[in-house]
Each structure stands twice: as C-alpha cells, then as structure tokens.
Amino acid sequence: MKFFVDTAEIDPIKELAATGLLDGVTTNPSLIHKSGRDFMEVTKEICSIVDGPVSAEVVALDHDTMMKEAEVLRKIADNVCIKVPLTVDGLKTCKALTEDGTMVNVTLCFSANQALLAAKAGATFISPFVGRHDDNGFDGMDLIRDIRLIYDNYLFDTEILVASVRHTNHVLESAKIGADVMTAPPKVIHALFKHVLTDKGIEGFLKDWEATGQSII
Ligand code: G3P
C-alpha cells in the first residue's frame, strides 16, 4: 500500500520523506489555510521534496474555470496531481485532464456509486473520506470494501486512495481490504511506528547495555 501524507506543512513532509516510506502528498484548501502559506509556493516546495504525486485542489465549481485553474496548477511541477470534487463538472474536468496525461484525484467521495463514476471518468485516484463517513453514522471501511469489489469486478485502474484517515485502525483495515493508497495526517503515520513492547524492549536493552560499561563509538 502506498503512503501519502495529508498536510501542507513542510517539516513533517521532509521528516517522513527521509524515512523512505512517503509515496506522495495530499493537500486541500483547508490544509493550505492551516499552513498559512501561499498555495503556489508551498505546492512547488512540496513537489521538490517528494517524487510521487502531490495533490493540489481546484476551487472552481464549473468545468471551464476548473480547467483554467488546473492549467495553472499543473505547470508547478510534473508530479502535480489535480484534485477535483466529485460533481458533474469535476468529472468532466477529470476526463479532459486524464485524457491529456495529467494525474487526477477525485475527492469528496462518500458512496461506491460515486467511485464507479470517477473510475469511468478515468480518475487516477478516488478519495473516499472514511473518517467523515464514520462521523456521519456510516462505516467508512464498508465503503472501501465496496469500492474494492466494484473496481476488481471491472478491472478499473483507478487507485483507491483512502482519505480522512483518523487513526491507525483505518490504515490497518484499508491494508487488509487491499486499498491502493492511504493518506493520513503526520500524527497518524507516526502512531504506526509505536508499540508499547518496542519502547519497553529498548528500555530493557539500554539498561543492560549500560551495565556492561561498554560503548560502540
Ligand atoms: O485531504 C482530504 C481528507 O483527508 C480530509 O480529512 O480529517 O478533514 O476529514 P479530514
């Protein structure tokens, strides 16, 4: 499963990139606002740190303006992936951009039928929002399971990018179902490293090492 980080903050992106486990980055207008940075500038900086896809979202609601915005965004770097909402105009834009060789991430997906539409429009990635789905009384993982089944039934190439990931269990369940990608905030990715027995083991080894009185360097 590919790992994307869902942030527009440079430091956590650099730190995760150094671990070698970062395959891409997703941003959205809320994350850009939170970063306090200029959209174009920060997207360019992120694209220079990570080789994989960096999602940058259009904000227009109509196809023509989406295409104009996408034109500006895709000039930032070769690894920019244009993010469009799951609407009629969003999918028209998806079709036009992917036919032209541009990566597209269709976002704000909350049903398997919507995911089917995005795949038919040629989306590179579909982003089902599992956390927000859970928040509204549905099971986000059921949504991922349904999309996996449908995409496998018809051999769609569209990659399932699990978004709105809130905790490590979302990552585990997504991997078990066979989602292609997950995007999570840095704190959730860091939580994946943690295990109480790892911490306890390090503590025990260090205590015994100190007792030997030796040093490696
Ligand atoms: O990037 C879209 C998605 O991951 C948003 O997550 O936590 O705001 O629902 P969240």
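Helix α11 takes up residues 196–212, and its length works out as it should: at 1.5 Å a residue, its 17 residues are expected to span 24 Å, and the end C-alpha atoms sit 25 Å apart, which agrees. The expected span here is 1.5 Å times one less than the number of residues. Helices and strands are DSSP runs numbered from the N terminus, with H or I over at least four residues for a helix and E over at least two for a strand. As for cover, α11 has hardly any: the count of buried residues among its 17 residues is zero. Buried stands for under 20% relative accessible area, exposed for over 50%, and partly exposed for what falls in between, with a 1.4 Å probe and protein chains only. Right after α11 comes Gly-213, with a positive phi near 75°.

All of this describes a predicted model, in which local features need pLDDT of at least 70, side-chain atom pairs count only at pLDDT 80 or more, and totals for chains, interfaces and linings use all residues. Residues are numbered from 1 along each chain as its sequence is written, and side-chain values use heavy atoms, with hydrogens and water left out.

Stepping back to the whole chain, there are eleven helices and eight strands. The C-alpha trace spans about 70 × 40 × 30 Å along its principal axes. Of the 217 residues, 46% count as buried. The chain exposes about 11,500 Å², with carbon and sulfur atoms supplying 55% of that area; accessible areas come from the Shrake-Rupley method with a 1.4 Å probe, and for residues only the protein chains shown count as cover. Contacts, meaning heavy atoms within 4.5 Å, often reach a long way along the sequence: among those between residues at least 6 apart, 57% join residues at least 24 apart.

One helix pair gives a closer look at packing. Helix α1 (residues 10–19) and helix α3 (residues 39–49) meet at an angle of about 10°, and their axes are 10 Å apart. That makes α1 roughly parallel to α3. The axes are lines fitted to C-alpha atoms, for helices over the stretch in contact, and angles run from 0 to 180 degrees between N-to-C directions. Under 35 degrees counts as roughly parallel, over 145 as roughly antiparallel, 65 to 115 as roughly perpendicular, and the rest as oblique. From α1 come Ile-10, Ile-13, Lys-14 and Ala-17, which meet Val-42, Glu-45, Ile-46 and Ile-49 of α3. These residues divide into six nonpolar, no polar and two charged. In this scheme Ala, Val, Leu, Ile, Met, Phe, Trp, Tyr, Cys and Pro are nonpolar, Asp, Glu, Lys and Arg are charged, and the others, Gly among them, are polar. An α-helix has 3.6 residues a turn, so residues three or four places apart point the same way.

Helix α3 also comes into the story of Ile-76, a residue of the loop between α4 (63–74) and β4 (80–85). Ile-76 is buried, at a relative accessible area of 14%. Neighbours within four places in sequence aside, Ile-76 is in contact with Met-40, Thr-43 and Lys-44. Its C-alpha lies 8.9 Å from that of Glu-41, although 35 residues of sequence separate the two.

Val-162, in strand β7, is buried too, with 0% relative accessibility. Not counting residues up to four places away in sequence, Val-162 touches Pro-128, Val-130, Ile-144, Ser-174, Ala-179, Val-181, Met-182 and Thr-183. Of these, Ile-144 is 18 residues away in sequence and 7.5 Å away in space, C-alpha to C-alpha. Just past β7 (159–162), in the loop leading to α9 (168–177), sits Ser-164. Ser-164 counts as buried at 11% relative accessibility, and its phi is positive, about 60°, although it is not a glycine.

Leu-108 is another non-glycine with a positive phi, about 65°. It belongs to strand β5 (residues 104–109) and is partly exposed, with a relative accessible area of 33%.

Val-188 and Phe-138 complete the tour. Val-188, in helix α10 (residues 186–193), is buried, with a relative accessible area of 4%. Leaving out neighbours within four places, its contacts are Val-165, Arg-166, His-167, Thr-168 and Val-171. Phe-138, by contrast, is exposed at 52%, in the loop between α7 (130–135) and α8 (140–154).
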